[in-house]
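Please open the model in your viewer and keep the sequence panel beside it. The tour below moves from one selection to the next and says what can be found at each stop.

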Amino acid sequence: MRTLEICVCVLGELMLASVGLMAQENRTVTCTFADGKEMTVRYALPAAKQKGDLPYGKVWTPADKPVVLFAQTELTANQASIPVGAYSLYFIPGKKQWILIVNKNVDSSGKYEAKKDIVRV
């Protein structure tokens, strides 16, 4: 099993974007493990008008779209197993700490459904 370490990189970029230090664009981050299997995270950075307007303590997505995680290998996060597949990632921003939510819902609406959460980290 793999640990979900890429969230640290994505969260760092999202926090920079939220304070206006990066331009809006779509991004993809891929991590290739020693066995050749990959984990990919696709996300959009928030537009300029959204920067600095984080809803502390509430579920948030950059650019009003969930981040999408594609895993070719089983992952673990906070002792929860995340099977091979696609997932949406949501965030709860805080002033000192953010929460990452891994969710089974990957439909195009981007609607958050708490009952489909796999884990919060």
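**Stop one: an aromatic cluster**

Begin by selecting Trp60 and Phe91, both of which are buried in what is, it should be said at the outset, a predicted model. These two residues form a tilted aromatic pair, with 6.3 Å from centre to centre and 55 degrees between the planes. Trp60 lies in the loop between β3 (38-44) and β4 (67-71), whereas Phe91 belongs to strand β7 (residues 85-92), so the pair ties together parts that are 31 residues apart in sequence.

Keep Phe91 selected and add Trp98, since these two also form an aromatic pair, here edge-to-face, at 6.2 Å centre to centre and with 65 degrees between the planes. Trp98, like Phe91, is buried. With Trp60, Phe91 and Trp98 displayed together, you have one aromatic cluster in view. A search of the whole structure finds four aromatic pairs, among them Trp60 with Phe91 and Phe91 with Trp98.

**Stop two: Asn105**

Next, select Asn105, which is placed in the loop between β8 (99-103) and β9 (117-120). Is Asn105 buried or exposed? Its relative accessible area is 5%, and because buried means under 20%, Asn105 counts as buried.

Now show the side chain of Glu113, with which the side chain of Asn105 makes a polar contact at 3.4 Å. To complete the surroundings, display Ser88, Tyr90, Lys111 and Lys116 as well: together with Glu113, these are the residues in contact with Asn105 once its neighbours within four places in sequence are left aside.

How values were computed
Residues numbered from 1 in each chain as written. Predicted model: local features only at pLDDT ≥ 70, side-chain atom pairs only at ≥ 80, totals over all residues. Heavy atoms only, no water. Helix = DSSP H or I, 4+ residues; strand = E, 2+ residues; numbered from the N terminus. Buried < 20%, exposed > 50% of the residue type's maximum accessible area, 1.4 Å probe, protein only. Polar contact = N/O pair within 3.5 Å; in protein donor to acceptor, adjacent residues only side chain to side chain. Contact = heavy atoms within 4.5 Å. Phe/Tyr/Trp six-rings, centres within 6.5 Å; stacked < 30°, edge-to-face > 60°.
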